[in-house]
Amino acid sequence: MAQIEVRGLRKSFRAPLRSAGPFGALKDLLHRRTRTVEALKGITFEIDAGQIVGCIGPNGAGKSTAIKIIAGIMNPDGGEATVLGRTPWADRIAHVRHIGVVFGQRTQLWWDLPVIDSFALLREIYDVPRREYEQTLADVVERFKLAEVLDSPVRQLSLGLRMRCDLAAALLHRPSILFLDEPTIGLDAVSKLALREAIRDWSAERGLTVLLTTHDMDDIEDLCRRVLLIADGSLLLDGAIDDLRRMSSARRTLMIDLAAGVANVELEGAELVRREGDRLWLEYDPEQVATHELIARAAAAFPIRDLTVADRPIEEVVAQVYRDAP
Amino acid sequence: MRGVAGMIRSMRRYLRIYGRLAAASVRSQWQYRASFALYSASQLVATLAEFGAIWALYARFGSLPGWRLSEVAVLYGISNVAFALAEAGARGFDVFPGMVRTGDFDRLLLRPLPTAFQLAAHDVQIMRVGRLAQGAAILVWGCMGLGIGWDAARLTLLALCVVGGACIFAALFVLQATLAFWTIESLEVVNIVTYGGNQMAQYPLTIYRPWFRLFFTVAVPLAAINYVPLAALLSRPDLSGLPAPLNWLAPCVGAPFLAACLLIWKLGERHYASTGS
């Protein structure tokens, strides 16, 4: 049975319109004008236990609104949601007991206290039995390599370490579902890899369901076999990452290193999208021209030192999809 | 019986969590010891200067009509001790509008505890001991100067006044914070009844105009926690003009007033959930 079921979720906001000029604020006070923004126009999906699902979409597309509703901190205007058999906004306190949430942008730890003190406070707040807590604590400390930082105040931790502590904190009460809002934002490459590994392993070992939002396509490629693409309040795609690639044209890139300075780099069937000195990036559609055919043409046309063929970077695919979104 | 046992258990749990969270706040503040010491000292000086002004008034003009300095000291003491207690516990409500603006309030909604409880336990400030210590000192001094017999009933009444007053001031902080659910504009105007209420309650009610007295008796029942019960303490029912039992019971309005404000808080929370801003 699905752990998260969402049917026709709708939400709109009335945003105040602000007048410009020195007396704008005064004018607004006397006469409030608002416009209605439809953040969610009816989205439907289900997530089963143990899945890691990535939620992507342009800023302001509605993905945070969707997460907020499912996490229980906002009511929808219409539609239904059931998480672990409960309606999140109707029964907030019972609901949040069984979920964990990590915001990439802010910590839920106590800034001036040692990490272990924050963990102990969370044990009290979630009413976790001592034995269970100690076992989970030992697990997260080992798994996320936190032994050395437990006694440091949170404010002294690097962002990468702090995120790992935040993730550990969200797991101490053994939630069934974990929500991650841009978990890797601002992290260096090593920290990103460590965090992804932690999430992946924990989910695989314990059947933890994970719903994460991100702008980092590597998060998606590394972690999620399933992607929800929300744009302009609608669910544009619910599928695998390859489905996302197929959504935009299936164009590929041929990168060529030329042997010497060649002025004319026109090639029939391909479009020059970028050039840096002797390096060219050509885009083509494999449906129109076969890859080996194009390489043969290129080899005939200019002196080539090296070449590679690549799928279009997923970032570009996503940017294209966002641009094409209604 | 099960229900009662469950209630006691959850009360104990809440008290334990409150204690832990308060202790965490204090430990956090302890990291900045110099700031802590300076703030406490400056508060003590500031509040001493406040009572100094009342004392100077007496030294210069003899008395407020019909009021001894020790009686005013009792009014002053009750109000300030109550205010300091409320301020220590309601600091979270003070910073709440900022939490709404930055989205930090969402974090409280993600924890399995009522939000009002979490705010009450948020950033509990012992720096405010300055006002508390000074208010308590003046209260004790005033009580000794009243020249009445302090029996158990009177001591209980005095404690009720302080608790009831703390409830009312806390309720006002809650009310002020609740407005932030609807508007993020600055709400300093409410300080008229919080800080202003404390200033008002330091003087005998009779010195004010009738409409002002009515406001602080009925709308914001601060008179009920010091002026009215003072009539009972002094055995002078003429002060309040109320039947004697009412003078004794007056401080009890604090708790329902706080409960009413917490209900309004709930409404605000519901509004927040539907607007998310």
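Over all chains of this predicted model, a search of the whole structure yields 26 salt bridges. One of them joins Lys11(A) to Asp77(A), with the closest N and O atoms 3.6 Å apart. Lys11(A) lies in strand S1 of chain A, whereas Asp77(A) belongs to the loop between H2 and strand S4 (78–83) of chain A, so the pair ties together parts that are 66 residues apart in sequence. The two partners are placed in unlike surroundings: Lys11(A) counts as buried, at 1% relative accessibility, while Asp77(A) is partly exposed, with a relative accessible area of 43%.

A further salt bridge of chain A is formed by the side chains of Asp216(A) and Arg196(A), at 3.4 Å from N to O. Here Asp216(A) is located in the loop between strand S7 (209–213) and helix H8 (217–223) of chain A and Arg196(A) in helix H7 of chain A, so that parts 20 residues apart in sequence are tied together by the pair. Asp216(A) is buried, with a relative accessible area of 14%, and Arg196(A) also counts as buried, at 5% relative accessibility. Both residues take part in a network of salt bridges that links Lys192(A), Arg196(A), Asp216(A), Asp219(A) and Asp222(A).

Salt bridges also occur between the chains, six of them being found by the rule across the interface of chain A and chain B. In one of these, Arg106(A) pairs with Asp104(B), the closest N and O atoms being 3.5 Å apart. The place of Arg106(A) is in the loop between S5 and H4 of chain A, and that of Asp104(B) is in the loop between helix H4 (96–102) and helix H5 (105–109) of chain B, so the pair joins two chains. Arg106(A) is partly exposed, with a relative accessible area of 23%, and for Asp104(B), likewise partly exposed, the value is 23%.

The interface as a whole brings 28 residues of chain A into contact with 31 residues of chain B. Between them the two chains bury about 2800 Å², of which 52% is on carbon and sulfur atoms. Across the interface the rule further finds 15 residue pairs in polar contact, both residues being at pLDDT 80 or more. On the side of chain A that touches chain B, at least two residues each are supplied by strand S1 (2–17), helix H2 (63–71), helix H3 (92–96), strand S5 (99–103) and helix H4 (115–126). The largest share of this side, six residues, comes from H4(A), and the residues of the side divide into 14 nonpolar, three polar and 11 charged.

From chain B, Arg16(B), located in helix H1 (residues 2–30), touches Glu124(A) and Asp127(A), when residues up to four places away in sequence are not counted. Arg16(B) is partly exposed, with a relative accessible area of 37%. Its partner Asp127(A) is found in the loop between H4 and helix H5 (130–143) of chain A and counts as partly exposed at 40% relative accessibility. The phi angle of Asp127(A) is near 60 degrees, a positive value in a residue other than glycine. A positive phi, of about 45 degrees, is likewise assigned to Glu182(A), which is not a glycine. Glu182(A) lies in the loop between strand S6 (177–181) and helix H7 (189–206) of chain A and is buried, with a relative accessible area of 17%.

The largest nonpolar core has 97 residues, and those with the most contacts inside it are Ile4(A), Phe179(A), Leu211(A), Phe93(B), Phe96(B), Phe105(B) and Trp265(B). Apart from this core lies another, of 60 residues, among them Ala169(A), Leu223(A), Val317(A) and Val318(A). Beyond its neighbours within four places in sequence, Phe179(A) is in contact with residues including Ile4(A), Ile67(A), Val101(A) and Leu211(A). Trp265(B) is touched by Thr178(B), whose contacts, not counting residues up to four places away in sequence, also include Ile264(B) and Gly268(B). Thr178(B) is found in helix H8 (residues 152–179) of chain B and counts as buried at 2% relative accessibility.

In chain A, 11 helices and 13 strands are present, and of its 326 residues 48% count as buried. Among contacts in chain A between residues at least 6 apart in sequence, 71% join residues at least 24 apart.

Methods. Residues are numbered from 1 along each chain as its sequence is written. Chains are lettered from A and ligands numbered from 1 in the order in which they are written. This is a predicted model: local features need pLDDT of at least 70, side-chain atom pairs count only at pLDDT 80 or more; totals for chains, interfaces and linings use all residues. Side-chain values use heavy atoms; hydrogens and water are left out. A nonpolar core is a set of buried Ala, Val, Leu, Ile, Met, Phe, Trp, Tyr and Cys residues joined through side-chain atoms within 4.5 Å. Buried means under 20% relative accessible area, exposed over 50%, partly exposed in between (1.4 Å probe, protein chains only). Contact means heavy atoms within 4.5 Å. Buried area is the accessible area (1.4 Å probe) that two parts lose on being put together, summed over both. A salt bridge is a side-chain nitrogen of Lys or Arg within 4 Å of a carboxyl oxygen of Asp or Glu. A polar contact is a pair of N or O atoms within 3.5 Å; within protein, one must be able to donate a hydrogen and the other to accept it, and residues adjacent in sequence count only if both atoms are side-chain atoms. Helices (H or I, at least four residues) and strands (E, at least two) are DSSP runs, numbered from the N terminus. Ala, Val, Leu, Ile, Met, Phe, Trp, Tyr, Cys and Pro count as nonpolar, Asp, Glu, Lys and Arg as charged, and the others, Gly among them, as polar.
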